[in-house]
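Here is a short note to read beside the model, written as numbered points. Please keep the structure open and find each residue as it is named.

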Amino acid sequence: MQLRTFAELSTEQCRSLLNSHRTLLQPQPMSRYLGAYAAAVSAACSVSFGLNFILKRFKDLPKSTQFIFQRFIPLPATSLASSLNVLCMRPKNKDQRPKINFSGSEVATGIDVYDKDGNVVGVSQVAAKQALKETTLTRAFLPVPLLLLPQLILPKLEK
């Protein structure tokens, strides 16, 4: 249990670094970083511990099958934490005061749209919504090869 918590904390460090690229363009207060980190780690640990708890409740499941399922538990935990981190790190409004709703977020205020020469041609809420959705989905699926492929390949190599 302690190893899993350490693993979630260390992988969240990597996810936080991934999000720092976007937030370098719009500097954020340290409280936003800490809040996003806490939310993502809490979500990842909750999913991880919750799935382990549910898996242990299936007493009739053979130990070998439980072990196979247990190998894949980090995948949904990591995907959720990565996606949540993106959503938490987006600026809530232009003067950086946190709000609970999305009325002052990038989705509501829009993001700059550039032409091929890099000139700002306008502000778009549609582009903001699309960018947030694409970034969140990318972060959700980014760890899939890293967490799925070794779990599929290692049992074959162990034989």
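**Notes on the predicted model**

1. Of the 159 residues in the protein chain, 29% are buried, and it should be kept in mind throughout that this is a predicted model. The protein chain holds 7 helices and 2 strands, and when these are read along the sequence they follow the pattern α-α-α-α-α-β-β-α-α.

2. Helix α4 covers residues 74–89, and its 16 residues should span 22 Å at 1.5 Å a residue, which agrees with the 22 Å found between its end C-alpha atoms. The buried residues of α4 are L75, A77, T78, S79, A81, S82, S83, N85, V86 and M89, and two of them, L75 and S83, return in later points.

3. Helix α6, made of residues 125–141, can be checked in a similar way: it has 17 residues and reaches 24 Å from its first C-alpha to its last, close to the 24 Å expected at 1.5 Å a residue. At the start of this helix, a side-chain oxygen of S124 comes to within 3.2 Å of the backbone nitrogen of V126.

4. Which residues of α6 are buried? They are A128, L132, T136, R139 and A140, and because they cover an arc of only 105° around the axis, they lie on the same side of α6. A general rule helps here: an α-helix has 3.6 residues a turn, so residues three or four places apart point the same way. On the other side of α6, V126 and F141 are exposed.

5. A contact links the two helices just described, and it involves S83, which has its place in helix α4. Is S83 buried or exposed? With a relative accessible area of 11%, S83 is buried, because buried means under 20% relative accessible area. The side chain of S83 reaches the backbone oxygen of T136 at 3.3 Å, and T136 is itself among the buried residues of α6.

6. L146 is found in helix α7, and its relative accessible area of 65% makes it exposed, since the term is used for values over 50%. Although L146 and L75 are 71 residues apart in sequence, their C-alpha atoms are 9.1 Å apart in space, and L75 is one of the buried residues of α4.

7. Helix α7, residues 144–158, also contains I153, which is partly exposed with a relative accessible area of 45%. Together with L149, L152, L154 and L157, I153 makes a nonpolar surface patch of about 470 Å².

Note on methods: Residues are numbered from 1 along each chain as its sequence is written. This is a predicted model: local features need pLDDT of at least 70, side-chain atom pairs count only at pLDDT 80 or more; totals for chains, interfaces and linings use all residues. Side-chain values use heavy atoms; hydrogens and water are left out. Patches are made of residues with over 30% relative accessible area and no salt bridge: like charges are joined within 9 Å, nonpolar side chains (Val, Leu, Ile, Met, Phe, Trp, Tyr) within 5 Å. Accessible areas come from the Shrake-Rupley method with a 1.4 Å probe; for residues, only the protein chains shown count as cover. A salt bridge is a side-chain nitrogen of Lys or Arg within 4 Å of a carboxyl oxygen of Asp or Glu. Helices (H or I, at least four residues) and strands (E, at least two) are DSSP runs, numbered from the N terminus. Buried means under 20% relative accessible area, exposed over 50%, partly exposed in between (1.4 Å probe, protein chains only). The expected span of a helix is 1.5 Å times one less than its number of residues. The arc is that of the directions from the helix axis to the C-beta atoms. A polar contact is a pair of N or O atoms within 3.5 Å; within protein, one must be able to donate a hydrogen and the other to accept it, and residues adjacent in sequence count only if both atoms are side-chain atoms.
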